[in-house]
Structures are given as structure tokens and as C-alpha cells.
Amino acid sequence: MNHKPNQKPNQKPSQKLALTKRTGALLAAGAVLAALAGCGTDGKRANEALGTQGVRKPPAKPKVVPGLPGMPPVLDPKDAYAADRPNALQPEVKKFLPRVYVPNTNSNTVSVIDPKTYEVVETIPVGNQPQHVVPSWDMKTLWVNNDLGDSLTAIDPATGKTGRTVEVSDPYNLYFTPNGKYAVVMASMDRELVFRDPRTMNRVKTVPVTCAGVNHADFSMDGRYFIVSCEFSGELLKVDTEKMEIVGQQKLPFEGAMPQDVKMSPDGKTFYIADMMAHGMWVLDGKRFTTPKLLPTGKGCHGLYVSRDSKEMYISNRGEGTISVFDFPKNKLTKKWKLPQGGSPDMGGVSADGNTLWLSGRYDSEVYAIDTRTGVQLARIPVGGGPHGLAVYPQPGRYSLGHTGIFR
């Protein structure tokens with residue numbers, strides 16, 4: 001069979017026409033690119049000519065903080081308190097009665113305050129020398145730390161009524177690991193950190209300490225370590241959470257130092273430790289655990305509480321009846337509020353809406369309610385003797401790390 005010139009064997013005329021058109025299109029595109037190149041383009045116009053300009057790359061995945069195994073993922077690597085926004089209550093705590101629970105160390109009672117009326121609505125008998133009221137990791141129980149009574153008394157926040165009492169040696173304060181695996185008892189006089197089952201409170205591991213007066217703590221952003229203050233020997237400890245071992249210890253550079261409350265900055269880089277004898281708070285690099293620097297705040301610096309927007313921290317100065325305000329973005333103290341008629345502001349917490357700071361008056365048998373927007377005292381409420389670590393409840397957050405309420 002004879003073929004026409006330039007036509008391949010078995011190639012139909014229609015196929016030849018299609019091939020010719022494709023070839024022509026490619027040559028035309030090449031000509032356009034060549035012309036653009038001749039005009040000194042850097043390739044941008046070539047991309048436009050081929051319709052590739054503006055193609056979006058896949059969005060970068062948010063940075064994930066590798067946390068302690070079993071710990072809920074960090075919501076915001078730049079803000080440890082991102083879950084603590086005003087009234088951001090978890091479904092299981094929304095039904096709880098809004099109350100302020102005040103442990104009275106000298107009266108062996110807990111005064112229960114209605115925050116709407118500023119009145120004591122109930123007084124609950126508990127064990128000997130209750131020091132703090134501590135929300136459990138799952139936020140469903142409040143534990144009263146009966147220090148000299150060697151026991152923990154449970155309060156049901158849904159009803160405000162007491163439940164079981166569990167024998168626990170020297171529970172001055174109580175914390176929970178970020179994964180909820182252990183409760184950590186600050187056994188101050190026993191000179192121990194005791195890791196316990198958070199439900200039964202059975203002892204799991206005892207960590208002896210060489211410092212005196214372990215009392216307060218806070219956990220790192222990733223939950224892998226926590227910083228502990230030792231009140232009576234003026235020292236700090238660094239503890240590996242998973243290994244349950246002390247990995248660092250240092251003496252504070254101040255004669256007679258008495259460190260108290262511990263709180264981590266929102267970005268997780270800094271720990272602040274209140275010191276009632278140095279009259280300020282120590283600023284510590286938690287990761288490096290180097291010698292901290294002192295920031296004076298006021299006489300008897302004691303409690304540290306972060307605002308609901310994570311921008312400020314309220315600092316109670318027990319020895320002079322004032323509250324200093326530290327601005328995290330500005331990295332400095334910006335305000336100081338003075339209580340009318342003075343007082344002894346100690347431990348406490350911030351209301352769910354963030355508008356009220358509640359503090360116990362340790363030496364005055366009273367509780368203070370302070371407006372966080374103005375610093376004005378809203379109420380001064382008589383309670384039992386020696387009020388200490390009061391808990392405002394319920395509060396925003398996904399889980400509790402303990403003390404009077406450290407929520408993440």
C-alpha cells in the first residue's frame with residue numbers, strides 16, 4: 001500500500017492533525033517564554049504565562065510541644081494558660097456551685113463563701129490545720145489538705161458537701177502531674193515528695209529531700225519537670241516528672257530566703273518564685289536552672305496568680321497589705337494596689353470571669369475580694385482563724401495541676 005509523504009504507516013489523518021496542533025501549541029509556548037526571557041524577566045512572568053503564579057503551598061502545621069507522655073496536648077506553645085480564658089468552663093464543671101472555699105488553719109474548718117453575695121453560707125468542720133483546698137486533676141473533687149491531721153478531706157463541688165477522708169501523712173500541699181498519673185504531696189515536715197495514686201491516694205513512690213519545708217511548685221510547659229520551693233532552707237528543687245527524681249537543687253542567693261508560691265510564665269520560659277523574706281519574686285530560667293535574679297515587689301511577697309488573658313500576674317505582698325501587678329509582655333511591674341485599712345493578703349485565685357481576685361487575710365481572719373480592672377476592694381469578709389490557701393471554684397481550664405488552682 002502506498003503512503004502519502006511524511007505520513008507514518010498506520011497513522012490516520014485525524015491523528016496527524018491532532019499531533020500537529022499539539023506541536024504548534026508547544027512551539028508557541030516556547031516562543032512566549034523566549035520572548036519574556038529576552039525582556040530580562042526573572043521567571044515571574046514566565047510563571048504567569050504558564051498559569052503557575054500564586055499557587056499556594058500547604059499551610060505550615062502548628063508547632064507541637066512534645067509533652068510528658070499522656071499529657072493533654074498544649075493548646076498554644078506561646079501561652080500555657082490558653083485554656084483559662086474567661087468563663088471557658090468545661091462541661092463537667094459548669095454544674096458546680098460557684099463558691100469560694102477557705103481553709104481556716106486555726107479553726108479546723110472550711111468557710112464557704114457565695115461570691116455573689118460575699119457572705120459565708122456554710123462552715124465545714126475538717127481535720128487538724130487545713131492548709132489548702134486543692135482541685136483534683138480531673139476537676140471533679142476538691143481536696144482539703146489537713147496538714148497536722150495527716151489526712152485529705154474530699155468536697156463534692158457539685159453540692160458543696162464533704163465526702164470521704166483519706167489518711168495521708170503531712171499533706172501541707174498537693175499537686176498533680178500534667179498527665180493525671182500521680183498526685184504529688186508536699187510533705188513539708190516529713191521532708192518528702194510523695195507520688196500517690198490520684199484517686200486512692202495510695203503511696204506509689206517516696207522521694208526524700210535534703211532541703212527543709214517543701215511547699216509550692218509549678219510544672220514546665222511540656223510537663224517533663226517541675227520546680228519546687230523549700231521554705232525553711234531557702235532552696236529550690238528541679239524534679240523530673242516521669243522519673244520521679246530530683247535532678248537539680250540550689251540555694252537562693254539571699255540570707256534568710258523563704259520562697260513561697262511558684263508560677264510559670266505564659267511562654268514557659270521563666271519561673272517566678274515569691275519570697276516573703278526577700279520581699280520580691282525570684283526570676284528563674286527553669287530549663288537551665290541557673291541562679292535566679294530577684295525582682296522586688298513588696299514586703300512579704302507570697303502568692304502569684306495569672307490573669308485570664310495571660311497578660312498580667314497578681315502578686316500578694318502579705319507583709320504590707322498590697323497587691324503588685326506584673327505585666328508579662330512589658331516584663332515589669334506596672335501597678336500596686338493597697339488594701340484599705342491594710343491586711344495580710346496571702347493565697348487565693350481569680351474568679352471564672354477574671355474580674356475578681358480572691359485572697360485570704362492570713363493574720364486577720366478575713367477574705368478580700370479585689371476588682372482586677374481597678375484594684376478596688378469589693379468586699380472584706382470575716383471567716384475563721386488563720387485563713388490560708390482558698391480555692392475559687394469552678395474555674396476555666398482542661399485539668400488541674402493542684403495547689404489552689406493551676407489550670408492548663
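Guide: A cavity is a set of points, on a 1 Å grid over the protein atoms alone, where a 1.4 Å probe fits but cannot get out. Its volume is the space filled by probe spheres set on the points, which are joined across faces, edges and corners.

Visitor: What kind of model is this?

Guide: This is a predicted model, in which local features need pLDDT of at least 70 and side-chain atom pairs count only at pLDDT 80 or more, while totals for chains, interfaces and linings use all residues. Residues are numbered from 1 along each chain as its sequence is written, and side-chain values use heavy atoms, without hydrogens and water.

Visitor: How many cavities of 30 Å³ or more are there?

Guide: The structure holds two of that volume or more. The largest cavity has about 190 Å³ of space.

Visitor: Which residues sit closest to the centre of that largest cavity?

Guide: They are Lys263, Val306, Arg308, Gly405 and Ile406, out of 16 lining residues. A lining residue has an atom within 4 Å of a cavity point.

Visitor: Which strands supply that lining?

Guide: At least two lining residues come from each of β20 (301-306) and β24 (345-350). Strands are DSSP runs of E with at least two residues, numbered from the N terminus. The greatest share belongs to β20, which gives three residues to the lining of the largest cavity.

Visitor: How does that lining divide by class?

Guide: The lining of the largest cavity has seven nonpolar, six polar and three charged residues. Ala, Val, Leu, Ile, Met, Phe, Trp, Tyr, Cys and Pro count as nonpolar, Asp, Glu, Lys and Arg as charged, and the others as polar.

Visitor: And the second largest cavity, what is its volume?

Guide: The volume of the second largest cavity is about 90 Å³. Of its 13 lining residues, Val74, Ala80, Arg398, Tyr399 and Arg408 lie closest to its centre.

Visitor: What classes line the second largest cavity?

Guide: Its lining comprises ten nonpolar and three charged residues, with no polar ones.

Visitor: Changing topic, where is Val168?

Guide: Val168 belongs to the loop that joins β7 (161-167) and β8 (173-176). Val168 is buried, with a relative accessible area of 1%, where buried means under 20% (1.4 Å probe, protein chains only).

Visitor: Which residues does Val168 touch?

Guide: Leaving aside residues up to four places away in sequence, Val168 touches Asp150, Ser151, Leu152, Val185, Arg196 and Met201, a contact being heavy atoms within 4.5 Å.

Visitor: What separates the C-alpha atoms of Val168 and Ala187?

Guide: The separation is 9.4 Å, and Val168 and Ala187 are 19 residues apart along the chain.

Terms used: 1 Å grid on protein atoms, 1.4 Å probe; cavity = no way out; pocket = protein on both sides within 12 Å on 5 of 7 lines; lining within 4 Å. Helix = DSSP H or I, 4+ residues; strand = E, 2+ residues; numbered from the N terminus. Buried < 20%, exposed > 50% of the residue type's maximum accessible area, 1.4 Å probe, protein only.
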